[in-house]
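Hi,

Here's the structure I promised to pass along. Have a look at it first, and my notes follow underneath.

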Amino acid sequence: MSNQTKQRIQVPDGLRDVLLEFSIAYLLEQPGDVVDYAVEFFTRLQENRKTNMVAVEAPSPDESVMSQEEGK
């Protein structure tokens, strides 16, 4: 065996976590087509992350009011 085949591939924690989450969801729901399910799962995951990023970036109404009151 060459050195390349003997080396272990390191799986990043983020990849391990998302694949575990996907695997559990797949096993619980048991859909007919794994690829179709994967497309739907990862599309929802991406949409949720985008929504959460927007929510984190935009100040809440309470923060806006507090900022205006602090300026007085």
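How many helices and strands does the secondary structure of the protein chain come to? Four helices and zero strands, so to speak an α-α-α-α run when you read from the N terminus. Bear in mind that this is a predicted model.

On the surface side, the protein chain has 72 residues, and buried ones make up 10% of them. The chain exposes about 6,700 Å², with carbon and sulfur atoms supplying 56% of that area.

The aromatics are worth a look. Searching the whole structure turns up seven aromatic pairs. Take Phe41 and Phe42: their ring centres sit 5.1 Å apart with the planes at 85°, and edge-to-face means over 60 degrees, so this pair is edge-to-face. The two partners also come out with separate burial labels. Phe41 has 9% relative accessibility and therefore counts as buried, while Phe42, at 32%, counts as partly exposed. Both belong to a cluster that ring pairs link together, along with Phe22, Tyr26 and Tyr37.

Then there's the charge side of things. Glu29, Asp33, Asp36 and Glu40 form a negative surface patch. Of these, Glu29 is placed in helix H2, which covers residues 13-29. Its relative accessibility is 51%, and since exposed means over 50%, Glu29 counts as exposed.

If you open the model, I'd start with the ring cluster that includes Phe41 and Phe42, then go on to the negative patch with Glu29.

Cheers

Note on methods: Residues are numbered from 1 along each chain as its sequence is written. This is a predicted model: local features need pLDDT of at least 70, side-chain atom pairs count only at pLDDT 80 or more; totals for chains, interfaces and linings use all residues. Side-chain values use heavy atoms; hydrogens and water are left out. Patches are made of residues with over 30% relative accessible area and no salt bridge: like charges are joined within 9 Å, nonpolar side chains (Val, Leu, Ile, Met, Phe, Trp, Tyr) within 5 Å. Accessible areas come from the Shrake-Rupley method with a 1.4 Å probe; for residues, only the protein chains shown count as cover. A salt bridge is a side-chain nitrogen of Lys or Arg within 4 Å of a carboxyl oxygen of Asp or Glu. Lys and Arg count as positive and Asp and Glu as negative; His and the chain ends are not counted. The place of a charge is taken as NZ of Lys, CZ of Arg, CG of Asp or CD of Glu. Helices (H or I, at least four residues) and strands (E, at least two) are DSSP runs, numbered from the N terminus. Buried means under 20% relative accessible area, exposed over 50%, partly exposed in between (1.4 Å probe, protein chains only). Rings of Phe, Tyr and Trp (its six-membered ring) pair if their centres lie within 6.5 Å; planes under 30 degrees apart count as stacked, over 60 as edge-to-face and the rest as tilted.
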